[in-house]
Amino acid sequence: MKSIKKTLILCLSALILFLNACEKDDPFKDEYESNNSKSEATDLTLGSQISASLAKGDHDWYYFTIDNSGIIDIALIEITNNSSDMEIVFSLYDDQGNQLGSSFTGNAGTGLNIRLSTRDGSYYIELSEKSGDKEGHYSLKVTDQNANDDNEPDDDFSDSKVRIITSIPANFTGTIVADADANNTYGDFEFYKITVNGNCTVNVTVTPTGSDMELNMEVFDENKDSIETITGGEGDVVRTVINNTELYDLQYYVKLGGLLGDSYNGDYSITFDD
Ligand SMILES: [Ca+2]
Ligand SMILES: [Ca+2]
Ligand SMILES: [Ca+2]
Ligand SMILES: [Ca+2]
């Protein structure tokens, strides 16, 4: 009996040593391997953080899907670097594997936060280490921010939630979640449609909440021809006067856009009065 017990203890000891040896052989092989190419990408659950590692020369691919029913919003991709020396390289691809933008490389030991503006779609993430000689642990989380206002979509003349203003004064608040201007035509524009009585004027005033958003505003007549464009600097209030010189009522559109500053605060208020 004694010898059996001794053998068992020896076996267990051997097993423990073996397990330790395995871990020491490959301390940076994570549970999502192998995921070294697009076709082997690990599915991510939005809002759930995963812990993984980059071994030397490792590439880790992930896949996630955003569905905002066509409303533009922000997906936040957060990568925490738990090493002191890894320089994590981040690349983003669309569902077809076309790279979106350039790759980003974080400083040694530093994580990355990426704001992705999207209406819907599936995306691939590829992570690697810049030199391929460093290794370490990281965590990754993709979160659908639901950061936009409740009055979406209102990004174009005929979108379903374009606000129709039938009486003044009128005040609204909203949020621009993604850069929208002449160079960012798929951004989060906000459209308002207003009737201006004959021989009357209406003042339009837009105030950004943050001190670093640059608002832009364009006024269109009822044929959707542009009448005026106003662009403000950081934190500036933008305003205009719509002047109906005809004797009869006319309809106008106000298209509001903005460039977000470092604070990413896109909140604004808009007032129509006389
Ligand atoms: Ca890995
Ligand atoms: Ca991998
Ligand atoms: Ca908005
Ligand atoms: Ca919008």
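How many bridges pair strand 3 with strand 8, and in which sense? The tour of this predicted model begins with that pair.

**Strand 3 and its partners**

Select strand 3 (59–67) together with strand 8 (residues 120–129): nine bridges pair them in the antiparallel sense. To find the register, display isoleucine 66 in strand 3, which stands opposite glycine 121 in strand 8. Next, add strand 1 (42–43). Strand 1 pairs with strand 3 in the parallel sense, over two bridges. Here threonine 42 has tyrosine 62 of strand 3 as its bridge partner. Keep tyrosine 62 labelled, since Tyr62 returns below among the residues with the most contacts inside the largest nonpolar core.

Move to the loop that precedes strand 3. Glycine 57 lies there, between strand 2 (50–54) and strand 3. Is glycine 57 buried or exposed? It has 12 C-beta neighbours inside 10 Å and therefore counts as exposed. A distance drawn from glycine 57 to asparagine 81, C-alpha to C-alpha, spans 16 Å, while 24 residues separate the two in sequence.

**Strand 4 and its two antiparallel partners**

Select strand 4 (73–81) and strand 7 (112–118). They run antiparallel and are joined by seven bridges; at isoleucine 77, the bridge partner is isoleucine 114 of strand 7. Now add strand 9 (136–144). Strand 4 is joined to strand 9 by seven bridges, also antiparallel. Threonine 80 marks the register here, with serine 139 of strand 9 as its bridge partner.

**The two domains**

Colour residues 28–144 as domain 1 and residues 163–273 as domain 2, following the domain assignment. The centres of the two domains, taken over C-alpha atoms, are 37 Å apart. Five residues of domain 1 and four residues of domain 2 make up the contact. On the side of domain 1 that touches domain 2, strand 4 and strand 7 are the elements that give two or more residues. The residues on that side comprise two nonpolar, one polar and two charged.

**The nonpolar core**

Where does the largest nonpolar core lie with respect to the domains? Select Tyr62, Ile194, Val206, Leu215, Val254 and Leu256, the residues with the most contacts inside this core of 49 residues. Strand 17 (250–259) supplies the largest share, five residues. Both domain 1 and domain 2 give residues to the core, so it lies between them.

Centre the view on valine 254. Leaving aside residues up to four places away in sequence, valine 254 touches Tyr192, Ile194, Val204, Met217 and Val219.

**The open sheet of four strands**

Select strands 11, 18, 13 and 16. In that order they form an open sheet with antiparallel pairing. Which strands stand at the edges? Strand 11 (170–175) and strand 16 (238–244) do; each has a single partner strand, so one side of each is left without a neighbour in the sheet. From one strand to the next, the twist averages 15°.

Focus on strand 11 and strand 18 (residues 267–273), which run antiparallel and are joined by six bridges. Asparagine 171 identifies the register, with threonine 271 of strand 18 as its bridge partner.

**Backbone features in the loops**

Most residues other than glycine have a negative phi, and most peptide bonds are trans. The following stops depart from that pattern.

- Select glutamate 33 and serine 34, which are joined by a cis peptide bond with omega of about 0°. Serine 34 is in the loop between helix 1 (2–25) and strand 1.
- Select glutamate 152 and proline 153, where the peptide bond is also cis, with omega of about 0°. Proline 153 belongs to the loop between strand 9 and strand 10 (163–165).
- Select asparagine 199, a residue other than glycine with a positive phi of about 60°. It is found in the loop between strand 12 (190–196) and strand 13 (200–208). Asparagine 199 counts as exposed, because 12 C-beta neighbours lie inside 10 Å.
- Select tyrosine 264, which is not a glycine yet has a positive phi of about 55°. Its place is the loop between strand 17 and strand 18. With 15 other C-beta atoms within 10 Å, tyrosine 264 is partly exposed.

Methods. Residues are numbered from 1 along each chain as its sequence is written. Chains are lettered from A and ligands numbered from 1 in the order in which they are written. This is a predicted model: local features need pLDDT of at least 70, side-chain atom pairs count only at pLDDT 80 or more; totals for chains, interfaces and linings use all residues. Domain bounds come from an automatic or database domain assignment. Two residues are in contact if their C-beta atoms, placed from the backbone, lie within 7 Å. Ala, Val, Leu, Ile, Met, Phe, Trp, Tyr, Cys and Pro count as nonpolar, Asp, Glu, Lys and Arg as charged, and the others, Gly among them, as polar. Two strands pair if DSSP finds at least two bridges between them. Axes are lines fitted to C-alpha atoms, for helices over the stretch in contact, and angles run from 0 to 180 degrees between N-to-C directions. A residue is buried if 20 or more other C-beta atoms lie within 10 Å of its own, exposed if 12 or fewer, and partly exposed in between; C-beta atoms are placed from the backbone. A nonpolar core is a set of buried Ala, Val, Leu, Ile, Met, Phe, Trp, Tyr and Cys residues joined through C-beta atoms within 7 Å.
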